[in-house]
Amino acid sequence: TRTSSSLTADSRPGLFIGLVAAIFVAFWVWSTRFATPLMGGDDVAYLHKAVFPAKGQWFYNRYVHVYLLKVFDALRGGDVFQSARTWWSFTFATTAAGLAIGVRFLGPRIPIRTLALTLFLLISQTSFMGRAGGAFADYTNMMFIMAAVAIYLHSLATEDRRQGRPGWHELAIGALTLAALKSKETGIILAWLVLLFLWSQGRIDLRRFVRKLAWWAGGFGLAWLALMTIDGWVLGDFFYSAKPNFAAMGEIHANKPVRFGRSVTNWLEVVWSPDRPVTRHALRYLGLLVLAAPVLAVFRRRRIEQLLLWLMPLAYLMLLIVVHTRAPHIFSTRYLFPILPVACLVAGAALYDLGLDEVAWGELLRPRTLVPLLLGAAIVLVVINPTLVADLDPGALLAASDLTLAWVLLAIALVILLRRRARPAWLA
């Protein structure tokens, strides 16, 4: 059984709703303190289109987020740069709230410790927080994708009660798929959730799959109809979204071919970040937890739907690898932003399945645990990063915004301390 740090949500739903609302407000208020309104590059073009909407390049496919920027521009009285800052804070806060909802449905109770560490995983990503305030489509897709995954996890948690009948979950995921696709092409990853519709209550059910697909298509179609209506009002072309500019898309996605192996190598370097200082290695540790999650899900005998969902970040990375064999883009961490919160959720699932919420915290201060803990942490850090000694600067570590080393030490401490008097939960 879980410890008192896990609160039953089913008996006290108001508590969890209040917790999610508090997370939303806290992250919005906190993020507005450092979000900058202008990065330079794509975000400037998006802001320009928000003020002066017109058909053309930059509007050919990725423009749902431009309409949303326009709404926030109106709310901020026409100050487009501050509207970008407010919009980013909104997407960040909404993503954090969606991440909290996703963590809630990792088990029958609210895993408080796992929730706290999962949210910390998100804000510890220096590359992600380093672009705070930028009006990039990647951040908007991040919000849409995280929302869809949270809704899907809620559908899994309530599936037995609904006897597998489809409904608003699939409808909402369909609408979010359209919004994500029309913000940036990376939204195609939500097709992974459509694939998971094949399973119902742990087994393949083609009849229910067809019904779920119909509800999903209904949400997709309604969202597209709404977009077409907005196009007719703003652009004067009701069918604009149904007429993609393939020539413009080809300029981005069909040039400068790269060998598949080179694309794999480049993206692994982006994730592993071999040349960055030790204070910027948060992404590699997140990646290790993402790799561990499916394995732990097997030990925990998780449902096949959850096991496949934990593979979603890896599927997204494979998508980037394939696309970048034909695309001339730089290999940037910005393209990982849409899946980053889901990766944090999957990492949180790994920690939860290890038994994070079952740890006896009093064990930490006992010498028999503390000494091996510190020794083991030092050894693992040196093995993972041989240049640790050269990079280690106490002043830089204390000033690092992502506190990566603190998180790594905490994660290693938890792994070592994840034991009880009985057998570990994940081997029970």
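# Exercises on a predicted model

Of the 428 residues of the protein, 52% count as buried, where buried means under 20% relative accessible area, exposed over 50%, and partly exposed in between (1.4 Å probe, protein chains only). The model is predicted, with local features needing pLDDT of at least 70 and side-chain atom pairs counting only at pLDDT 80 or more, while totals for chains, interfaces and linings use all residues. Residues are numbered from 1 along each chain as its sequence is written, and side-chain values use heavy atoms, with hydrogens and water left out.

**Exercise 1.** State how many helices and strands the protein has.

*Solution.* Helices (H or I, at least four residues) and strands (E, at least two) are DSSP runs, numbered from the N terminus. By this rule the protein has 21 helices and four strands.

**Exercise 2.** Describe the largest nonpolar core and find the helix that gives the most to it.

*Solution.* Step 1: fix the term. A nonpolar core is a set of buried Ala, Val, Leu, Ile, Met, Phe, Trp, Tyr and Cys residues joined through side-chain atoms within 4.5 Å.
Step 2: take the largest one. It has 101 residues, and Val149, Leu193, Leu286, Leu309, Trp310 and Met312 have the most contacts inside it.
Step 3: find the helix. Helix H7 (residues 137-157) gives the most to this core, with 13 residues.
Step 4: look at one core residue. Contact means heavy atoms within 4.5 Å. Leaving aside neighbours within four places in sequence, Leu286 touches Leu121, Gln125, Leu340, Ala343, Cys344 and Ala347.

**Exercise 3.** List the buried residues of helix H2 and say what they pack against.

*Solution.* Step 1: H2 covers residues 42-51, and its buried residues are Asp43, Ala45, Tyr46, Leu47, Lys49 and Ala50.
Step 2: these buried residues pack against helix H3 (64-75), helix H4 (80-104) and H7.

**Exercise 4.** Describe the largest cavity and the residues of its lining.

*Solution.* Step 1: fix the term. On a 1 Å grid over the protein atoms alone, a cavity is a set of points where a 1.4 Å probe fits but cannot get out, and lining residues have an atom within 4 Å of a point. Grid points are joined across faces, edges and corners, and a volume is the space filled by probe spheres set on the points.
Step 2: the structure holds three cavities of 30 Å³ or more, and the largest has a volume of about 80 Å³.
Step 3: twelve residues line the largest cavity, and the closest to its centre are Ser155, Glu159, Arg162, Glu170 and Lys212.
Step 4: sort the lining. It divides into five nonpolar, two polar and five charged residues; Ala, Val, Leu, Ile, Met, Phe, Trp, Tyr, Cys and Pro count as nonpolar, Asp, Glu, Lys and Arg as charged, and the others, Gly among them, as polar.
Step 5: H7 gives the most to this lining, with three residues.

**Exercise 5.** Place Gln201 and Arg301, and say whether each is buried, partly exposed or exposed.

*Solution.* Step 1: most residues other than glycine have a negative phi.
Step 2: phi of Gln201 is near 55 degrees, a positive value. Gln201 is in the loop between strand S3 (199-200) and strand S4 (203-204). With a relative accessible area of 27%, Gln201 is partly exposed.
Step 3: phi of Arg301 is also near 55 degrees. Arg301 lies in the loop between helix H14 (282-299) and helix H15 (304-309). With a relative accessible area of 66%, Arg301 is exposed.

Terms used
On a 1 Å grid over the protein atoms alone, a cavity is a set of points where a 1.4 Å probe fits but cannot get out, and a pocket is an open set with protein on both sides within 12 Å along at least five of seven lines; lining residues have an atom within 4 Å of a point.
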